[in-house]
Amino acid sequence: MFRAFIAVFLMAGVSSASVGAAELRDYLVAASSQLDPRAQATLANVDGLGRQLLAVRGYLRAGSTLDQRWSWTQQQIDAYQDSPAQMARDAEIAKVRTVFEKNNPGYSLFVNPQVRSVDLQLQRWNSTDSIARAGDHMRLELEAAISADGIPPPGTAAGYARFSELLVTHSPQPVPTLAAPGLSAHGRMNAVDFQVQRGRRIIAGPDSTMVETMWIAGGWRDRLHAAVVASSHFTGPLANPAEPWHYDYQP
C-alpha cells in the first residue's frame, strides 16, 4: 500500500511524459520501495521526476550511514535546545568569532542558531535552481541509458540492481548545492554556515553568487579559515560544491 502511495507522488508534476520518462518512473517507484521509511515519506513531498531521482541517488549513496545522518525529529530538536551539546557548540562558535573580530576590526560573524528541519530542507530542495537543473540533466541521462541498455524490468532484483547502479554512479551537472532532504548536516547541527557582517550589513553570506567576488577575491575565505584553524573544532570549508562559509562541527 505504501508503494502505491509513493507511486502517486512520484508521478505528480510530470505531464506529457515520453515513453522513456514513464519507464523511468517505473524503475524509480521500484527502487523507492526499498528505501528507509523516512526517506520514502520525504520523497513523497519532492517535486518533479528529476528532483526525485536526485534525492533517491542521495539516499542510496548514504547506504548504511543514512540512520546516523538522518535529520532530527522535532522532539530531538527541542531536546537539543539549551542542552550541554548546544552549549559546547555555541562555545566553539564564540571562539571563532572572538579570533575573527580581533583579526578583522569592525567585522563580525553570524551563525544561524536554528536546526535545519526536514521540512525546511524539502522547501529548499524544491525551489533551488541548481537542484532543478541537476535533476533535469539526470533524468535525460537515465532515460537515454535505459533506452540504450535495455536493462532488466523494474520490480525485478536484476532491474533494481542495475537501476541503482545507474543512480549512484551518476555525476550530477551542475553539482547540487544541497544534500538530499533529510541528509543535511545542518539537520543534526553537525555543520554551521558562517556569515561575515559589518554591523547589520552582510559582507559575505552563504550565497553561491558571492563565492568568487566576496569570499575569494575579497579575502574572506582565508580570513575565516584562519580564525577557525586557530580556535575551534570545526573542519572545512566544504570543497565540492565550493562553500567557503560551510564548516563541519567535530566535537
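Start by selecting Glu165, which is partly exposed at 41% relative accessibility in this predicted model. Add Arg162 to the selection: its side chain and that of Glu165 meet in a salt bridge, 2.9 Å from N to O. Arg162 is likewise partly exposed, with a relative accessible area of 26%. Both residues sit in helix α10 (residues 157–169), and because they are 3 residues apart, about one helical turn separates them.

Next, pick out Asp36, Arg38 and Asp67, which are joined into one network by salt bridges that share partners. If you would like to keep hunting for such pairs, the structure holds 10 salt bridges.

Now move to helix α9 (residues 129–149) and select Asp129 and Arg133, which lie 4 residues apart, about one turn of the helix. Their side chains form a salt bridge at 2.6 Å, N to O. Arg133 is partly exposed at 45% relative accessible area, and Asp129 is partly exposed at 48%.

Stay in α9 and select Arg139 and Glu143, again 4 residues apart and about one helical turn from each other. Here the closest N and O atoms of the salt bridge are 3.3 Å apart. Is Glu143 buried or exposed? Glu143 counts as buried, at 12% relative accessibility, because the cut-off for buried is under 20%. Its partner Arg139 counts as partly exposed, at 23%.

For the last stop, show strands β2 (residues 191–198) and β3 (residues 201–204), which run antiparallel and are joined by 3 bridges. Select Arg198 and you will find Arg201 of β3 opposite. The two strands make a hairpin with 2 residues between them, and Gly199 in the turn has a positive phi of about 65°.

Note on methods. Residues numbered from 1 in each chain as written. Predicted model: local features only at pLDDT ≥ 70, side-chain atom pairs only at ≥ 80, totals over all residues. Heavy atoms only, no water. Pairing = 2+ DSSP bridges. Salt bridge = Lys/Arg side-chain N within 4 Å of Asp/Glu carboxyl O. Buried < 20%, exposed > 50% of the residue type's maximum accessible area, 1.4 Å probe, protein only.
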